[in-house]
Amino acid sequence: HIQVFQDVHVMIFIGFGFLMTFLKRYGFSSVGVNLLLAAFGLQWGLLMQGIWHLDHGKIKMDILKMINADFSTATVLISFGAVLGKTSPVQLLIMTILEITIFSINEHLVATVFKANDVGASMIIHAFGAYFGLAVARVLYRPALRNGHENDGSVYHSDLFAMIGTVFLWMFWPSFNSAIAEPGLTQLTAVINTYLSLAACVLSAYAISSLVEHKGKLDMVHIQNATLAGGVAVGTCADMSIGPFGAMLIGFVAGIISTLGFKFLSPILASNLGIQDTCGVHNLHGMPGILGGLAGIVAVALGKKEGTVAMQAAALASSLGFALVGGAITGFIMKLPFWGQPPDQNCFDDSIYWEVRNPTPHKYYL
Amino acid sequence: HIQVFQDVHVMIFIGFGFLMTFLKRYGFSSVGVNLLLAAFGLQWGLLMQGIWHLDHGKIKMDILKMINADFSTATVLISFGAVLGKTSPVQLLIMTILEITIFSINEHLVATVFKANDVGASMIIHAFGAYFGLAVARVLYRPALRNGHENDGSVYHSDLFAMIGTVFLWMFWPSFNSAIAEPGLTQLTAVINTYLSLAACVLSAYAISSLVEHKGKLDMVHIQNATLAGGVAVGTCADMSIGPFGAMLIGFVAGIISTLGFKFLSPILASNLGIQDTCGVHNLHGMPGILGGLAGIVAVALGKKEGTVAMQAAALASSLGFALVGGAITGFIMKLPFWGQPPDQNCFDDSIYWEVRNPTPHKYYL
Amino acid sequence: HIQVFQDVHVMIFIGFGFLMTFLKRYGFSSVGVNLLLAAFGLQWGLLMQGIWHLDHGKIKMDILKMINADFSTATVLISFGAVLGKTSPVQLLIMTILEITIFSINEHLVATVFKANDVGASMIIHAFGAYFGLAVARVLYRPALRNGHENDGSVYHSDLFAMIGTVFLWMFWPSFNSAIAEPGLTQLTAVINTYLSLAACVLSAYAISSLVEHKGKLDMVHIQNATLAGGVAVGTCADMSIGPFGAMLIGFVAGIISTLGFKFLSPILASNLGIQDTCGVHNLHGMPGILGGLAGIVAVALGKKEGTVAMQAAALASSLGFALVGGAITGFIMKLPFWGQPPDQNCFDDSIYWEVRNPTPHKYYL
């Protein structure tokens, strides 16, 4: 288990951290605040999840607890993506405390009360984290950014840094989805299904990106994100006997939905619903997470794993409900005026929170 | 085996992907098209290799099959290096289909018919992939690029991105060469031999680079590539009892050959033979791969492993023959005028296949 | 053990290599010379450590020996940080030979004669490497750099490259501190203690960084380095039953000391004592290493592990003594005028040792 833990660790700290460095002036915050939130969140997560499993009044540590602690931080890092560039570190630390607390309640409900399947956490991490973050983003809506912000975009090298995050997430997703699976054949199934789903997802993401862009060009935003949707969407079913083609079908559909979401849905959410989703977590974690939950319902209905449709549906509904209500409440708390929220013109800019030095590099060393 | 698979995965997706980001304007394609080709190739490879080992008409999945699928994509990614910047994604997908098909035939021949030793695949992956790519490059020869192209070069930061690829390849090569070795002492031998060969190779690569450059300076091209030649060259012998000094000798010689190849042979190939080898795969995979095959013949002759000189030689000849003939045929198919091959002036430029945004970064954030 | 070895390998080659790329014009040397020194050092380390454990006149190879060889190079890479930008590759190769030789003597003394506890090597690697490097830096003092050097600083993207190093070191430190621990519960303890110490350390490093900088801003230098001090400081105690709060306390204190050291102590060392410590290894490895040694003394006194206070104290004193005396002697040898030491004005500049090409990138691809 130690190596699976290390793989998950890489996803949390390198994967999520660098995925968000695509913004041209916000790389320090992306990878730096990601480190802060994850390091803080895993401690809080150990505490919150430990409370449900006290042993003689103590929290016993083991590798599985560490994996679960990393998992609990993943929800926060997903939500972080929705509000990236528009929140202060203090606001985000408050979000971390509240989101992990609410996550732990929902996780306990899904796993222990509903006894629903969600080995790769499509519902309890990805859908939960995404809709939590979107609810926060809605509450923190900034009308002044309606027409964009000059720093809300990438430059050439920032997109390459982001690809470090993308590729590490992509490669280690089989470990993520199999981390808490039963060792042996079940775990192996989760590895293989995730591997196949991700491979299929890459193909549909590239194909759709090329179809919807001018002159058949590819868009880095799609490649950085939608190629991962297969890992999200196969999460719930990962340890089920859905077969290679089942896994690939889920991944293929996820890649389509995700890319189309970036192209067509995100602009609508921003302009019509006031949801400014910086990283497009709705497309990478939100819709693919729901797809994963629905695929789980179908798979259980088809007898691919023990469980009932009702309990799977309850798990999905519970995850979405806790996310939207919890996110909205958290958003209102984060909106209180004393947490140092950055003014509109300083959004997406590291220099408000970091010492940024050496403004003029020598021309030889660009 | 799962962790060895993950290490190989890192080599394929981060290693090969970032190694090719050295070009100043071609990083998106390097890491992005690498992801596309590898994700597509592993599915095709699973199918092609599975056909030889049907079980009741089905392809059974396991971790070893996934490792072999990753291996089959490695040949394509090596060939990709030879034609980097001068081919369209569609051309490369066609190359993927053809190359992996031909690889599977040759691999079956070498492993099952000849029963030759090639645990780390010096012959069937490295030499094969390199000469396949060189044959394609020869057919796609562009006279207009005879005197170079302004974008066929690196800038400071693109060379640093490439070092991410180099170092991950270097570190995980012991896993690559031991991935399909018999578990236990044989696998351990493969790990240790590769580790030692690579360590020795670094020394000779740095020494020769400094010797052949002006004023004893080092050349990043050599360091990014020739430091890895030891991993290629020790591949065939990796699981043999060649001893630490045998392994180090192979690595040391590989580092010399590879660096000298970059300095003196590549310009000759380009100007006299019409082989424009963008990444110098002939120096990293081609000659070191042949060296590996020859070292395997010597080692078998010296009784370091079961096998016969004739079968080892047949394996080397077969790998080179399939590569050259297969590559030439593939090149002619890729040359057909409807695959969107980029015109000369747009070579080595991402903006022909990617949306490239935000041309003018703020001066503070270079 | 193979996977733990691979994790340590990543720390040595990616972690240390990229951590030092923060300098704006010295990235090639940071990651490139790091590779050279580590590849050379591990061979020398195998030899030096092998001499103490000959088996029928031969050095037997196994994974543990490879981990120890990597460990021995870590001392050199730490010292490299102190003199980064001010020494030639030849000088550094000489330092590698001498430092690893002296390290092997001290390591033998601490482990075999004193039988002291130092599983994560706070004393024999971190404190040793830091004070060795500081002694070298003192001998190589450059008065002309008293007021800084225009290239002794970072630019935006070089700081992001450095974060790759930071995060990989941070993530895999549990493997480092548990690599040579007894398998089973002891090893698991080392993993958990290190994980918790590092998590706590991040919090104190961020908090103190924000407290001591203008307007509560964060400083990348602190985040890149002080977040790792918890891994250093918990090293000696990592496999002891110090409990979660013991581990977190050590990490928390280490983060405070390290950040304060960067802010207040390093400028004093440079201006008053003539110790120009480029990477601040005194703050990341020196003081936290001593803290680790002291924590080990306290832990043994409290009966958290077999051992005696005297032997732990002897190990700490021996490590510091060998480091300071060995570093001073090494510094004088490195100061001999025929090793190509760079002149003051060429310090912190790759172009003196590397071919640096393509000075003017196209404006679209910054």
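**Notebook: the two interfaces of chain C**

I counted eleven residue pairs in polar contact between chain C and chain B, both residues at pLDDT 80 or more; a polar contact is a pair of N or O atoms within 3.5 Å, where within protein one must be able to donate a hydrogen and the other to accept it, and residues adjacent in sequence count only if both atoms are side-chain atoms. The model is predicted, so local features need pLDDT of at least 70 and side-chain atom pairs count only at pLDDT 80 or more, while totals for chains, interfaces and linings use all residues. Residues are numbered from 1 along each chain as its sequence is written, chains are lettered from A in the order in which they are written, and side-chain values use heavy atoms, without hydrogens and water.

**Chain C with chain B**

I found 52 residues of chain C in contact (heavy atoms within 4.5 Å) with 50 residues of chain B. I then looked for salt bridges (a side-chain nitrogen of Lys or Arg within 4 Å of a carboxyl oxygen of Asp or Glu) and got zero across this interface. Helix 2 of chain C (a DSSP run of H or I, at least four residues, numbered from the N terminus) gives the largest share of the side that touches chain B, twelve residues.

**Chain C with chain A**

Here 50 residues of chain C are in contact with 52 residues of chain A. I again noted zero salt bridges and eleven residue pairs in polar contact, both at pLDDT 80 or more. Helix 6 of chain C supplies the largest share of the side that touches chain A, 14 residues.

Conventions. Helices (H or I, at least four residues) and strands (E, at least two) are DSSP runs, numbered from the N terminus.
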